[in-house]
Amino acid sequence: MPFAFIETDPAEGDPLQAELALLDLAAQGNQVAQLWEAPVSLVVPRSYLRYERFEAARASFGRDGCPVWLRMSGGGLVPQGPGILNLSLAYSVDGLPGALSEAVYLHLCEVVGQALRTLDVDTHWQAVDGSFCDGRFNLAWGPPGRARKIAGTAQYWRRAPAAAQAPDGQRHLVLAHAVLLVNADPLAITRRANDFEAEAGTGRHYDADKVVSVQQAIGIADPDGARLMERVVEALRASVAATPPPQG
């Protein structure tokens, strides 16, 4: 079954809530995908609620036009905004998260990596120490010892409802999510991330030299970024269509 692309709703204030709605479609037996950009904002996992100064920092950034949203998946802080493209995939699998989480990550890395290869950007998955929301299944560009993060990945699992459950009761819904830096300025988004971490008192700090955009990797000048974003969207759509997800 191919993925069906779902258009974003511009009236939805918090794009993460719209993303979670994809799980409802997956519960009906659909495989759905969504490509979306968010306004200038920050996204953090719910674990940030433990920081005493988090809510004050969140309110301060919100007043300055940078809302801070909470997501269900783990990891760390992720900047959002123009030039940052999100890919969300939702589908069902028959199996447990512990047994299939790596396969879900590898599928997502292949989808994004294959799309980037069509743009002559070769990537591989690895952790990139010093990048924001670092993880084992980042997509990185450059030789392993000097690689820079170009995309991050995350996943969130939910048990399928009774009406969609498998006989063994192990069917789950998966939301796999990639954040790709297309033509955002790594220096600007890393500065914003560091400013928030400092204000929230988390003790975390990131290095702008550890991340890279597609535009930088290609080495092209694209003042408004529109054409490059179109090319990346087209490449991701084609890659999603050509890469079936793990089924358990």
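Two strands count as paired if DSSP finds at least two bridges between them. With that in hand, we can walk through this model, which is a predicted one.

Let's begin with the sheet. Seven strands, or 7 in figures, join into an open sheet, and their order across it is S1-S2-S6-S10-S9-S8-S7, with mixed pairing. At its edges sit strand S1 (4-5) and strand S7 (123-125), each of which pairs on one side only. If you look at the S1 end, you will find S1 and S2 pairing in the parallel sense over 2 bridges. One residue pair to look for there is Phe-5 with its bridge partner in S2, Ala-33.

Helices pack on this sheet. Helix H3 touches S6, S7, strand S8 (139-141), S9 and S10, and its direction makes about 140° with that of S9. H6 also packs on the sheet, where it touches S1, S2, S6 and S10; the direction of H6 makes about 10° with that of S6.

Now for the inside of the protein. The largest nonpolar core has 38 residues, and among those with the most contacts inside it are Leu-87, Ile-150, Val-214 and Leu-236. Several elements give two or more residues to this core, including strand S2 (32-36), strand S6 (84-94), strand S10 (171-181) and helix H5 (214-218). Which element gives the most to this core? That is H3, with 9 residues. To see the packing around one residue, pick Leu-236: leaving aside residues up to four places away in sequence, Leu-236 touches Leu-35, Leu-85, Leu-87, Val-111, Val-112, Ala-115 and Leu-180. There is also a second, separate core of 24 residues, which includes Leu-42, Phe-61, Leu-70 and Val-179.

Phe-61 leads us on to the aromatic rings. A pair of aromatic rings is described by the distance of the centres and the angle of the planes. The model has 8 aromatic pairs. In one of them, the ring centres of Phe-61 and Phe-196 are 5.1 Å apart and the planes stand at 85°, so this pair is edge-to-face. Because Phe-61 lies in helix H2 (residues 54-63) and Phe-196 in helix H4 (residues 186-200), the pair ties together parts that are 135 residues apart in sequence. Are these two residues buried or exposed? Phe-61 counts as buried because its relative accessibility is 11%, and Phe-196, at 0%, counts as buried too. Ring pairs also link Phe-61 and Phe-196 with Tyr-48, Tyr-51 and Phe-54 into a cluster.

Another edge-to-face pair is formed by Phe-132 and Tyr-206, with 6.5 Å from centre to centre and 85° between the planes. Here it is loops that are tied together: Phe-132 lies in the one between S7 and S8, and Tyr-206 in the one between H4 and H5, so the pair joins parts 74 residues apart in sequence. Both Phe-132 and Tyr-206 are buried.

Finally, let's turn to the charged side chains. Side chains of opposite charge can pair when their charged atoms come close. The count comes to 8 salt bridges. In helix H6 (residues 226-242), Glu-230 and Arg-227 lie 3 residues apart, about one turn of the helix, and they form a salt bridge whose closest N and O atoms are 3.2 Å apart. Arg-227 also meets Glu-234 in a salt bridge of 3.9 Å, N to O. Together, Arg-227, Glu-230 and Glu-234 are linked in a network of salt bridges. Glu-230 counts as partly exposed because its relative accessibility is 43%; Arg-227, at 45%, is partly exposed as well.

Methods: Residues numbered from 1 in each chain as written. Predicted model: local features only at pLDDT ≥ 70, side-chain atom pairs only at ≥ 80, totals over all residues. Heavy atoms only, no water. Salt bridge = Lys/Arg side-chain N within 4 Å of Asp/Glu carboxyl O. Helix = DSSP H or I, 4+ residues; strand = E, 2+ residues; numbered from the N terminus. Buried < 20%, exposed > 50% of the residue type's maximum accessible area, 1.4 Å probe, protein only. Core = buried A, V, L, I, M, F, W, Y, C linked by side-chain atoms within 4.5 Å. Contact = heavy atoms within 4.5 Å. Axes fitted to C-alpha atoms, helices over the stretch in contact; angles between N-to-C directions. Phe/Tyr/Trp six-rings, centres within 6.5 Å; stacked < 30°, edge-to-face > 60°.
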